[in-house]
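Please consider the sequence and the model displayed below. The explanation that follows is intended to be read alongside them.

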Amino acid sequence: MGKRKSAAKPPPKKRMDKLDTVFSCPFCNHGSSVECRIDMKNLIGEASCRICQENFSTTVNGMLKLYI
């Protein structure tokens with residue numbers, strides 16, 4: 001008599017890489033000058049350049065929770 005085959009464990013889920021929080025500005029091309037902040041309480045994401053003072057803000061959706 002043979003042994004019963006055991007059920008194979010499912011492979012572990014791959015974790016997404018974290019998003020960058022500092023990067024170069026698309027307006028002034030200054031490296032490492034844009035800083036990002038995410039307010040999960042108010043669902044607002046904001047990016048601002050320290051050199052040229054450009055700001056951008058948008059609403060945060062549920063997909064962002066996968067990257068944080």
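The paragraphs below treat the sheet, its strand pairings, its loops and one residue in turn.

The model is a predicted one. Its sheet is open and consists of four strands in the order 1-2-3-4, paired in the antiparallel sense. Two of these strands lie at the edges, namely strand 1 (22-23) and strand 4 (55-59), and each of them pairs on one side only. As a general matter, the strands of a sheet pair through backbone hydrogen bonds, in either a parallel or an antiparallel manner.

The pairings may be followed across the sheet, beginning at strand 1. Strand 1 is joined to strand 2 (residues 34-39) by two bridges, and the two run antiparallel. Within this pairing, Phe23 stands opposite Val34 of strand 2. Strand 2 is in turn paired with strand 3, again in the antiparallel sense, over six bridges. Here Cys36 has Ala47 of strand 3 opposite it. Finally, strand 3 (residues 44-49) is connected to strand 4 by five bridges, and these strands also run antiparallel.

The loops between these strands deserve separate attention. In the loop between strand 1 and strand 2 lies Asn29. Asn29 is not a glycine, yet its phi is positive, at about 55°. The relative accessible area of Asn29 is 64%, and this residue is therefore classed as exposed, since the cut-off for that class is over 50%.

The next connection is a hairpin: strand 2 and strand 3 are separated by four residues, and Leu43 is found in the turn. Leu43, which lies in the loop between strand 2 and strand 3, likewise has a positive phi of about 55° although it is not a glycine. Its relative accessible area is 41%, so Leu43 is partly exposed; that class lies between the 20% limit for buried residues and the 50% limit for exposed ones.

Is Ser48, a residue of strand 3, buried or exposed? Its relative accessibility is 12%, and Ser48 therefore counts as buried, because the class requires a value under 20%. Across the pairing with strand 4, Ser48 stands opposite Asn55. When residues up to four places away in sequence are left aside, Ser48 touches Ser33, Val34, Glu35, Arg37, Glu54 and Asn55. Among these contacts, Asn55 is thus also the residue that faces Ser48 in strand 4. Val34, another residue touched by Ser48, is the one that stands opposite Phe23.

How values were computed. Residues numbered from 1 in each chain as written. Predicted model: local features only at pLDDT ≥ 70, side-chain atom pairs only at ≥ 80, totals over all residues. Heavy atoms only, no water. Pairing = 2+ DSSP bridges. Buried < 20%, exposed > 50% of the residue type's maximum accessible area, 1.4 Å probe, protein only. Contact = heavy atoms within 4.5 Å.
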